[in-house]
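Subject: Structure handover

Hello,

Here is the structure I promised to pass on. Please take a look, then read the notes below.

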Amino acid sequence: MYQRAGTRRTETRAVAAAHPLAFPAPPDRPARLVVLVSGSGTNLQALIDAVADPAYGAEIVAVGADRSGIAGLERAEKAGLATFVHRVKDFADRADWDAALTDSVAGHQPDLVVTAGFMKILGDRFISAFAGRIVNTHPALLPAFPGAHGVTDALAYGVKVTGCTVHLVDAGVDTGPIIAQGVVSITDADHADGGEALHERIKTVERQLLVEVVGRLAREGHRIEDRKVWIPA
Ligand code: GRF
């Protein structure tokens with residue numbers, strides 16, 4: 001069960017007024033989420049399931065993708081959500097793609113944008129439009145093993161624990177302020193299948209962590225100070 005503390009709204013608004021990097025939760029309505037996906041969309045599904053509870057404090061207003069024909073979009077359509085697709089190859093250049101993506105997301109007036117397995121690097125325009133409000137999930141313990149191969153890079157390095165990181169997106173690749181992390185142990189057997197089973201174990205932890213973090217941001221808001229993300233307790 002998700003619960004807001006009765007007094008927190010006022011406190012959060014006061015913080016917002018005093019601090020330029022404060023993102024208060026909407027005081028009297030669910031937070032609006034736009035979720036971006038590129039693949040199977042199990043993280044999206046976890047969010048779809050979570051928002052079904054009105055106490056969660058958020059609604060998904062649209063799902064966007066950089067490719068069509070993916071399970072993530074099917075999940076969105078099955079849930080009756082608005083969807084849009086912008087493929088890089090349909091644009092003259094990356095900046096045009098980024099502009100179209102920015103405009104589509106902005107059109108849904110999100111409080112938070114969640115990149116849940118979205119396998120494209122966002123451009124400057126997108127990041128400035130939603131600065132401090134883009135939440136990403138990465139399947140490794142950042143700052144170790146950023147980039148598209150976080151699971152296999154961790155395995156290849158020989159670390160004994162890895163996990164997932166939910167963080168805010170900045171202009172770098174997986175470099176933004178960390179909100180929460182979950183730890184997963186690596187076993188010898190994980191080296192036998194190229195990281196498939198390990199990634200599935202990470203995703204189990206990741207889905208739970210993403211749902212928890214997005215819900216807290218939606219209900220309580222957050223502020224950012226020197227790379228630290230503070231969510232009112
Ligand atoms: C997740 O592990 C995410 O961190 C990574 O890709 C996976 C996406 O899974 N970038 P899904 O599409 O949500 O099932």
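First, how the elements are named: helices and strands are DSSP runs, numbered from the N terminus; a helix (H or I) has at least four residues and a strand (E) at least two. Please also keep in mind that this is a predicted model.

**The ligand**

Let me start with the ligand. The space it takes is the largest pocket. Three elements each give two or more residues to the shell around the ligand: helix 2, strand 6 and helix 7. Helix 7 gives the largest share of that shell, with 3 residues.

Which residues come nearest? There are 13 residues around the ligand, and Ser-40, Thr-42, His-199, Lys-203 and Glu-206 come nearest.

Some of the polar distances are worth a look:

- Thr-42 has a polar side-chain atom 2.6 Å from an oxygen atom of the ligand.
- Asn-43 also places a polar side-chain atom by a ligand oxygen, at 2.8 Å.
- Thr-137 does it with the backbone: an N or O atom there lies 3.2 Å from an oxygen atom of the ligand.

How much of the ligand does the protein cover? On its own, the ligand has 370 Å² of accessible area, and the protein covers 90% of that.

**Helix 2**

Thr-42 and Asn-43 bring us to helix 2, where both are among the buried residues. Helix 2 spans residues 42–51. Why call it largely enclosed by the rest of the structure? Because 8 of its 10 residues are buried. Besides Thr-42 and Asn-43, the buried residues are Leu-44, Ala-46, Leu-47, Ile-48, Ala-50 and Val-51.

What covers them? The cover includes four strands: strand 2 (31–37), strand 3 (58–65), strand 5 (112–115) and strand 6 (134–138). It also includes helix 3 (71–78) and helix 7 (196–220). Two of these elements, strand 6 and helix 7, have come up already, as they are on the list for the ligand shell.

**Ser-40**

Ser-40 is one of the residues that come nearest the ligand. Its place is the loop between strand 2 and helix 2. Is it buried or partly exposed? Ser-40 is partly exposed, because its relative accessible area is 35%.

Leaving aside neighbours within four places in sequence, Ser-40 is in contact with Ala-71, Gly-72, Arg-75 and Lys-203. With Lys-203 there is a polar contact, side chain to side chain, at 3.5 Å. Lys-203 is also one of the residues that come nearest the ligand. Ala-62 is 22 residues from Ser-40 in sequence, and their C-alpha atoms are 17 Å apart.

**Asp-190**

Next, Asp-190. Look for it in the loop between strand 8 (178–185) and helix 7. Its relative accessibility is 2%, so it counts as buried. Which side chain does it pair with? The side chain of Asp-190 makes a polar contact with that of Arg-201, at 2.7 Å. Contacts of Asp-190 beyond four places in sequence are Leu-155, Ser-185, Gly-195, Ala-197, Leu-198 and Arg-201.

**Backbone details in two loops**

Now the loop between strand 6 and helix 6 (150–157), where Pro-143 lies. The peptide bond joining Leu-142 and Pro-143 is cis, with omega about 10°.

Phe-145 sits in that loop between strand 6 and helix 6 too. Phe-145 is not a glycine, yet its phi is positive, about 55°. Is Phe-145 buried or exposed? At 16% relative accessible area, it is buried, because the cut-off for that is under 20%.

Asp-174 is another residue other than glycine with a positive phi, near 60°. Its loop runs between strand 7 (161–168) and strand 8. Asp-174 has a relative accessible area of 17%, so it is buried.

**Trp-230**

Last, Trp-230. It is found in strand 10 (residues 228–230). Its relative accessibility is 40%, so it counts as partly exposed. What does Trp-230 touch? Not counting residues up to four places away in sequence, it touches Gly-221, His-222, Arg-223 and Glu-225. From Leu-217, Trp-230 is 13 residues away in sequence and 9.6 Å away in space, C-alpha to C-alpha.

**Where to start**

I would open the view on the ligand. Find Thr-42 and its 2.6 Å distance to a ligand oxygen. Then follow helix 2 along its buried residues, from Thr-42 to Val-51. After that, turn to the loop with the cis bond between Leu-142 and Pro-143.

Best wishes

How values were computed:
Residues numbered from 1 in each chain as written. Predicted model: local features only at pLDDT ≥ 70, side-chain atom pairs only at ≥ 80, totals over all residues. Heavy atoms only, no water. Buried < 20%, exposed > 50% of the residue type's maximum accessible area, 1.4 Å probe, protein only. Contact = heavy atoms within 4.5 Å. Near = heavy atom within 4 Å. Polar contact = N/O pair within 3.5 Å; in protein donor to acceptor, adjacent residues only side chain to side chain. Areas by Shrake-Rupley, 256 points an atom, 1.4 Å probe, with all protein chains shown as cover. 1 Å grid on protein atoms, 1.4 Å probe; cavity = no way out; pocket = protein on both sides within 12 Å on 5 of 7 lines; lining within 4 Å. Sits in = over half its atoms within 2 Å of the grid points.
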